[in-house]
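Got your viewer open? Let's take a walk through this protein, one selection at a time.

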Amino acid sequence: MASSAQDLGPVLDKDGVRLTVDDAIATVTLTNPAKRNAQSPALWRALTEAGRLLPGSVRVVVLRGEGKSFSAGLDRQMLTPEGIEGEPSFLDLARSAEAGLDATIAEYQEAFTWWRRNDIVSVAAVQGHAIGAGFQLALACDLRVVADDVQFAMRETSLGLVPDLTGTHPLVGLVGYARALEICVTGRFVAAEEAVNTGLANLAVPAAELDAAVRDLAAALLAAPRDAVIETKALLRGAQERTYEEQRAAERAAQGRRLRDLAGLGE
């Protein structure tokens, strides 16, 4: 019998992030339910590290949060004048040179970018609150399965800021410009039914069934050959940036690679 991820122990467990691997499925868990999985620079660095530590065997990455909330957003201590010990406060960031500020935000964003790599399919299992940075982390994944108690909200604009953790691009792609603008500017909650109806979520289930639904989806994602999934994901990710004719050409090139590989004629 193969060892379970629990038998092997976590690959990473630090700063509110735990990474476990069970053969082709990795699970990244936010592990600070007492603070509703509030996010900080240390957590973002741990998420970035989790992406770098993924073994090559992993095909599906599940992102989940312990407790009643997926993630209630930024640790509010970041918004205080003193900030979080050892981290730049918002006041420090505001006073920094433009290049330094850009570099700092870019470092934070790295925690949100690797989920769209072509060699994995990422699935966010979202329950309860997913606010601000929590919403953007769910948006970083390819797919979202939500509990019926989910509450998405983008609150940055209400605080005088903008969403800057890579969430704006997928949000517009999923729900369209007008709805994305309205969601961001009003800061209102988006519940499960609307999330599914607008394409923000793939599936909504009762909270007690969330883990089982994600397991079923992960199994279905693993059923197709890995190389075909990688090529298909690359095709779909690039479709919005290509013209119709460019997409046709990309399909032909990808299919040519697949046929050559299946025939044993790959490079």
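Before you click on anything, here is a sorting rule for later: Ala, Val, Leu, Ile, Met, Phe, Trp, Tyr, Cys and Pro count as nonpolar, Asp, Glu, Lys and Arg count as charged, and the others, Gly among them, count as polar. Keep in mind, too, that you're looking at a predicted model.

**Stop 1: the cavity**

Start inside. The structure holds one cavity of 30 Å³ or more, and the largest cavity has a volume of about 60 Å³. To find it, select Arg-59, Val-60, Asn-118, Asp-119, Ile-120, Val-121, Leu-221, Leu-222, Arg-226, Val-229 and Ile-230, which line it. Now use that sorting rule: the lining has seven nonpolar, one polar and three charged residues. Which element gives the most to this lining? That's helix 10, with three residues.

**Stop 2: the largest pocket**

Keep helix 10 on screen, since the next stop features it again. The largest pocket has a volume of about 790 Å³. It is lined by 25 residues, and the closest to its centre are Arg-116, Asp-142, Lys-233, Leu-236 and Arg-237, so select those. Then colour helix 4, strand 7 (143-147), helix 6 (168-175) and helix 10 (226-238), the elements that give two or more residues to the pocket lining. Helix 10 gives the most here, with six residues. By class, the pocket lining divides into 11 nonpolar, eight polar and six charged residues.

**Stop 3: helix 2**

Next, select residues 41-53, which make up helix 2. Try a quick check with the distance tool between its end C-alpha atoms. At 1.5 Å a residue, its 13 residues should span 18 Å, and the ends are 18 Å apart, so the two agree.

Which residues of helix 2 are buried? They are Pro-41, Ala-42, Leu-43, Trp-44, Ala-46, Leu-47, Thr-48, Ala-50 and Gly-51. Show what surrounds them: the buried residues of helix 2 pack against strand 1 (12-14), strand 2 (17-22), strand 3 (25-30), helix 4 (98-113) and helix 5 (133-140).

**Stop 4: helix 5 and the core**

Hop over to helix 5. It is mostly covered, with eight of its eight residues buried. Select Ala-133, Gly-134, Phe-135, Gln-136, Leu-137, Ala-138, Leu-139 and Ala-140 to see them.

Here's a bit of background: in soluble globular proteins, nonpolar side chains tend to be buried together. In this model, the largest nonpolar core has 51 residues, and Leu-47, Trp-115 and Phe-152 touch the most other members. The largest share of this core, six residues, comes from helix 5.

Zoom in on Trp-115. Leaving out residues up to four places away in sequence, Trp-115 touches Val-28, Leu-47, Val-61, Leu-63, Ile-120, Ser-122, Leu-137, Ala-140, Cys-141, Asp-142 and Lys-233. Apart from the largest core lies another, of 13 residues, among them Val-60, Val-62, Val-145 and Val-214.

**Stop 5: where helices 10 and 11 meet**

Select Arg-258, which sits in helix 11 (residues 244-262). Is Arg-258 buried or exposed? Its relative accessibility is 12%, so it counts as buried. Not counting residues up to four places away in sequence, Arg-258 touches Asp-227, Ala-228 and Glu-231.

One of those contacts, Ala-228, lies in helix 10. With a relative accessible area of 26%, Ala-228 is partly exposed. Now add Ala-254: Ala-228 and Ala-254 are 26 residues apart in sequence, and their C-alpha atoms are 9.1 Å apart in space.

**Stop 6: out on the loops**

Time for some backbone angles. Most residues other than glycine have a negative phi. Asp-23 has a positive phi of about 60 degrees although it is not a glycine. Look for Asp-23 in the loop between strand 2 and strand 3. At 61% relative accessibility, Asp-23 counts as exposed.

Thr-166 also has a positive phi, near 75 degrees. You'll find Thr-166 in the loop between strand 8 (151-153) and helix 6, and it is partly exposed, with a relative accessible area of 24%.

Finish at Ala-208, in the loop between strand 9 (203-205) and helix 9 (210-221). Ala-208 is exposed, with a relative accessible area of 81%. For a last distance, pick Ala-208 and Ala-24: they are 184 residues apart in sequence and 24 Å apart in space, C-alpha to C-alpha.

Methods. Residues numbered from 1 in each chain as written. Predicted model: local features only at pLDDT ≥ 70, side-chain atom pairs only at ≥ 80, totals over all residues. Heavy atoms only, no water. Helix = DSSP H or I, 4+ residues; strand = E, 2+ residues; numbered from the N terminus. Expected span 1.5 Å × (residues − 1). Buried < 20%, exposed > 50% of the residue type's maximum accessible area, 1.4 Å probe, protein only. Contact = heavy atoms within 4.5 Å. Core = buried A, V, L, I, M, F, W, Y, C linked by side-chain atoms within 4.5 Å. 1 Å grid on protein atoms, 1.4 Å probe; cavity = no way out; pocket = protein on both sides within 12 Å on 5 of 7 lines; lining within 4 Å. Points joined across faces, edges and corners; volume = space filled by probe spheres on them.
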